[in-house]
Amino acid sequence: MSDGSKTIDCIVLGFGGVGSSALYFAAKKGWEVLGIDRFGTAHSFGSSHGQTRIIRTAYFEHQDYVPLAQRSFELWDEIQSQTTTELIRRTGVLQTGDPGGAVIQGLKSSVKEHDLDVEFLSPAEIEQRYPVLKVPRNVTGIFEREAGYLRVERCVASWVKRAMEEGVNILTDTTAKSWTVEDDGTISVVVTSEEGEQVLKSRRLIIAAGSWSCQLIPEVDSRLQIVRKQQHWYQLDRIDIKAANGFPCFFFENEDGCFYGFPEIDYLGVKFAEHSGGEVLDSPESINREIDENDRERIEKFIDDYFHQTRKRIVHFSQCLYTKSPDEHFVIDHSGGNQNVVFAAGLSGHGFKFVPAIGRQLVGMLCGDHDPLFDFLKVGDRFAMAR
């Protein structure tokens, strides 16, 4: 383990999605950087795993995310250009819902505000383009051709690899217990591992702890909700659900909730999951990693309602964690008003696509940079009543 008596330039707590990119951008500043994770690189115990994540700019959650998504696309393309490993693939993303529902209304606002290049499709046009789908007659479809998916574990591993090539050191299987700012401005981080407890010193601190944020960030403590989510992979007896055959990622809102998925990209089949619902947990450690039969039944109903098929077989499942803020928007800010401590938390199940933009922003905040695009994600008085 590192020499605890030495003060380094920057410590990053957690190197999942956001933390892995923050490691890289911090190293590009010429800083001596140390990354600490309670598990390891691209692990399966938090939020940044499960093979794929959707990336899109047509954003129903809030139109202010659109410029951040556009910036993230540029940064993902940049890292993709520097590796032969596929990190991003543009399959297109199809989103559908009731014309008066939250998804379609939010999408229309974003499309209009930012003049996004999308297609509006009727149910008949969707079914003509994708014969595997059964589309309710009362929905509107919006298709974004340049959207697609990210290979989540590969992305995290790529950011960490690039960071280490820039000289970053990492500690795995090491838990950050607490941190304090000393009178001289030095930040002391208490960590534990098999080697025992140690205090590490740094001039700057980035906290990207995912579902463990409540334990490390006073501004969010009890305000964040940890939700267990289940992902399912099914083999269907159709060939037109393969990415190679042009099937897109999808996000469908209906009266039962919001469901999403990915085309078949390998032997596991089509990945399905529900964005709505989920089991609220007391802590990330309390997650049950056995299959939830109620979640499975809801997914199978969705498959039967929306996909023409005569055989479906589940071949894999996994759990991941949403860390939801009360308004389901990210929280990115300084902690305690200290200009040398920054954090990102509460990504609420839609944050991975923004990983490079958020990582770079956190490093910029430590340098005193101000980017107004992120202002709507500051703590402010957003959670004054959320206790």
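Let me begin with a word I will use throughout: a residue counts as buried when its relative accessible area is under 20%, as exposed when it is over 50%, and as partly exposed in between, with a 1.4 Å probe and protein chains only. By that rule K161 is exposed, with a relative accessible area of 52%.

What you have in front of you is a predicted model, in which local features need pLDDT of at least 70 and side-chain atom pairs count only at pLDDT 80 or more, while totals for chains, interfaces and linings use all residues. Residues are numbered from 1 along each chain as its sequence is written, and side-chain values use heavy atoms, with hydrogens and water left out.

I will stay with K161 for a moment and turn to the charged pairs. A salt bridge here is a side-chain nitrogen of Lys or Arg within 4 Å of a carboxyl oxygen of Asp or Glu, and the structure holds 24 of them. One of these joins K161 to E165, with the closest N and O atoms 2.6 Å apart. Both residues belong to helix 5 (residues 152–165), where they lie four residues apart, about one turn of the helix; helices (H or I, at least four residues) and strands (E, at least two) are DSSP runs, numbered from the N terminus. E165, like its partner, is exposed, at a relative accessible area of 56%.

A salt bridge with similar spacing in sequence is found in helix 6 (residues 293–306), where R296 and E300 are four residues apart and therefore separated by about one helical turn. Their side chains meet at 3.2 Å, N to O, and both are partly exposed, R296 at 26% and E300 at 22%.

Which parts of the chain does the salt bridge between R90 and D77 link? R90 sits in the loop between strand 5 (88–89) and strand 6 (93–97), and D77 in helix 2 (residues 66–80), 13 residues apart. The distance from N to O is 3.0 Å, and both residues are partly exposed, with 36% for R90 and 31% for D77. These two residues also belong to a network of salt bridges that takes in E146.

Let me return to helix 5 as a whole. At 1.5 Å a residue, its 14 residues should span 20 Å, the expected span being 1.5 Å times one less than the number of residues, and the end C-alpha atoms are indeed 20 Å apart. Its buried residues are V152, C155, V156, S158, W159, V160, R162 and A163. Among the elements that cover them, by contact (heavy atoms within 4.5 Å), are helix 1 (17–27), helix 2 and helix 7 (355–366). After the helix comes G167, whose phi is positive, near 105°.

R162, one of those buried residues, has its charged end over the ring of Y24, 4.2 Å from the centre. A charge sits over a ring if NZ of Lys or CZ of Arg is within 6 Å of the ring centre and within 35 degrees of the ring normal. R129 is placed over the face of F143 as well, at 5.4 Å from the ring centre.

That brings me to the aromatic residues. Rings of Phe, Tyr and Trp (its six-membered ring) pair if their centres lie within 6.5 Å, and planes under 30 degrees apart count as stacked, over 60 as edge-to-face and the rest as tilted. The count comes to 32 aromatic pairs. In one of them, Y24 and F25 have ring centres 5.2 Å apart and planes at 70°, so the pair is edge-to-face; both residues are buried. F60 and F251 form a tilted pair, with 5.2 Å between centres and 45° between planes. Since F60 lies in the loop between strand 4 (52–55) and helix 2, and F251 in strand 16 (residues 249–254), this pair ties together parts that are 191 residues apart in sequence. F60 and F251 are both buried. There is also one aromatic cluster, whose members include Y130, F143, Y234 and F307.

Finally, the nonpolar cores, meaning sets of buried Ala, Val, Leu, Ile, Met, Phe, Trp, Tyr and Cys residues joined through side-chain atoms within 4.5 Å. In the largest, of 70 residues, W76, I206, I332, I358 and L362 touch the most other members. Leaving aside neighbours within four places in sequence, I206 is in contact with residues including C10, V12, A22, V342 and L366. A second, separate core of 26 residues includes W179, L200, V220 and V331.
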